[in-house]
Protein chains: 2
Amino acid sequence: MSQKPLILVTNDDGITAPGIRAMIKVLNEIGDVVVVAPDSPQSAMGHAITINSTLYVSAVNIDEGKQIEYTCSGTAADCVKIAVNEILNRRPDICISGINHGSNSSINVIYSGTMSAAVESGIEGIPAIGFSLLDYNWEADFEPTKEYVKKITKAALQNGLPKNVVLNVNIPKLKKEEIKGIKVCRQAKAQWKEKFDKRTNPQGRDYYWLTGEFVVEDLGEDTDEWALKNGYVSVVPVQFDMTAHYAIQHLNGWKLNN
Amino acid sequence: MSQKPLILVTNDDGITAPGIRAMIKVLNEIGDVVVVAPDSPQSAMGHAITINSTLYVSAVNIDEGKQIEYTCSGTAADCVKIAVNEILNRRPDICISGINHGSNSSINVIYSGTMSAAVESGIEGIPAIGFSLLDYNWEADFEPTKEYVKKITKAALQNGLPKNVVLNVNIPKLKKEEIKGIKVCRQAKAQWKEKFDKRTNPQGRDYYWLTGEFVVEDLGEDTDEWALKNGYVSVVPVQFDMTAHYAIQHLNGWKLNN
């Protein structure tokens with residue numbers, strides 16, 4: 001019997017995306033890899049799960065390597081749920097999601113399918129890390145990311161993650177030698193300033209495309225945005241207790257039962 | 001010119017759901033209501049946004065009342081973005097999402113389209129509240145909820161919400177006289193223990209339905225689950241900084257740059 005850690009791998013760009021393919025190669029060096037990933041891109045699906053539709057699972061063989069692979073017709077969060085409950089015959093030691101094509105830093109963690117898979121694992125009590133590269137290009141160079149996937153995954157396996165915490169790792173779009181190191185950070189305060197591109201369809205009806213500009217209002221030097229801008233890989237510990245504990249006292253002051 | 005507050009109303013069950021219709025009636029008494037809600041149910045979509053597809057908006061007239069209404073072809077979070085950027089001619093004073101048909105207490109906040117609309121508003125800097133009734137039935141009785149929608153919305157308008165905090169309000173499925181009051185709470189630690197219902201389609205291929213049992217592991221009496229179980233309306237302040245600040249020190253101990 002293998003003594004290697006069991007690594008569940010997923011993403012939200014779909015099982016054939018270059019980001020997940022690059023990551024699988026690295027993770028094969030660390031443990032026994034089982035991939036359960038969406039059969040088509042699921043980006044910006046947030047923490048969606050499939051409750052009003054059916055889910056299909058297929059064993060597949062995408063490329064060389066010793067990993068075992070399945071596609072699932074659902075979202076990234078669905079992949080984790082079905083992997084843990086139906087596919088794997090033991091609990092994974094860690095779940096690794098990504099490498100996402102594009103940033104999931106700052107507030108993007110909220111919209112991210114990549115991170116929803118990591119959070120779903122965390123809720124299931126399985127340590128998890130989401131990796132993202134700040135390059136939306138399908139032909140992005142994932143070579144410089146490999147060393148960080150390896151280092152951070154191994155560290156998480158060795159040290160263990162705090163309970164109810166998963167990691168959001170973003171990697172700047174830089175050459176290997178340009179990356180300065182790794183910084184543990186907090187999520188920067190930022191938002192998308194949306195701009196809707198209004199067009200008219202061939203039938204004369206107006207429709208919209210959502211576009212926008214990412215605006216970082218947070219000048220702190222302890223944030224993921226600062227780290228990435230300054231050449232570091234950012235590591236943000238993410239929790240799924242969304243309670244603003246500090247606000248409870250304020251709300252009690254509203255005297256809602258009077 | 002009206003001195004009344006401008007109230008943006010949305011939901012994730014779709015614009016014709018009895019929950020949103022009941023809520024609109026109450027909110028018409030408090031302010032000028034503009035509804036921008038999905039044209040079809042979007043439940044369990046998490047914080048999904050539509051970036052790879054087009055969005056349509058239509059002015060509609062669903063029932064009597066002085067509210068102005070639009071449907072949008074996207075998710076609840078899309079509705080908020082397009083309302084604020086394209087439909088409304090001034091910033092809303094508050095965004096109210098719901099009343100959801102079914103609980104969004106505890107960890108369900110993560111999967112909830114209702115709460116994603118509230119969180120999206122919060123990110124835009126607009127105070128927001130999501131309301132949910134613990135009754136999945138389409139014919140649920142929303143009468144007992146009205147007093148709480150009114151009271152909590154008015155209190156939020158009068159007192160203001162702390163910055164970067166939105167409210168997650170859940171209402172127990174009880175008769176008016178059985179509800180004991182309102183409790184400000186923290187999110188209970190709980191999870192869905194999934195069970196996949198495996199079936200075979202007419203073509204002989206296996207497929208799955210996601211089902212599950214909601215398990216509350218948290219015995220605290222300061223949680224939303226405790227409040228709801230004991231006959232109270234629960235109010236949880238929700239933040240969208242997902243950083244587990246307390247874990248940063250632990251992670252720095254991993255010495256990732258050595």
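# Two chains and their helices

Reader: At what angle do helix α1 (residues 18-27) of chain B and α4(B) pack?
Author: Good place to start! In this predicted model, the axes of α1(B) and α4(B) lie 9 Å apart; such axes are lines fitted to C-alpha atoms, for helices over the stretch in contact, and angles run from 0 to 180 degrees between N-to-C directions. Helices (H or I, at least four residues) and strands (E, at least two) are DSSP runs, numbered from the N terminus. The packing angle of α1(B) and α4(B) is about 50°.

Reader: Which word describes how α1(B) and α4(B) are set to each other?
Author: Angles under 35 degrees count as roughly parallel, over 145 as roughly antiparallel, 65 to 115 as roughly perpendicular and the rest as oblique. α1(B) and α4(B) are therefore oblique.

Reader: Which residues of α4(B) make the contact with α1(B)?
Author: Two residues are in contact if their C-beta atoms, placed from the backbone, lie within 7 Å. From α1(B) come B:A22, B:M23, B:V26 and B:L27. Their partners in α4(B) are B:K146, B:V149, B:K150 and B:T153.

Reader: How are α2(A) and α3(A) set to each other?
Author: Helix α2 (residues 76-87) of chain A packs on helix α3 (residues 113-123) of chain A with axes 7 Å apart. Their angle is about 30°. α2(A) and α3(A) are therefore roughly parallel.

Reader: Which element gives the most to the side of chain B that touches chain A?
Author: Let's look at the whole contact, which takes 59 residues from chain B and 59 residues from chain A. Elements that each supply at least two residues on the chain B side include α2 (76-87), α4 (146-159) and β10 (206-216). With five residues, the top contributor is β11(B).

Reader: What kind of axis relates chain B to chain A?
Author: Two copies of a chain are related by a rotation about an axis and a shift along it. Here a turn of 180° and a shift of 0.0 Å lay chain B on chain A with an RMSD of 0.0 Å, superposed by least squares on the C-alpha atoms of residues with pLDDT of at least 70 in both. That is the relation of a two-fold axis.

Reader: How many strands are there in chain A?
Author: Chain A has six helices. Its strands number 11.

A note on reading this: residues are numbered from 1 along each chain as its sequence is written, while chains are lettered from A and ligands numbered from 1 in the order in which they are written. In this predicted model, local features need pLDDT of at least 70, side-chain atom pairs count only at pLDDT 80 or more, and totals for chains, interfaces and linings use all residues.
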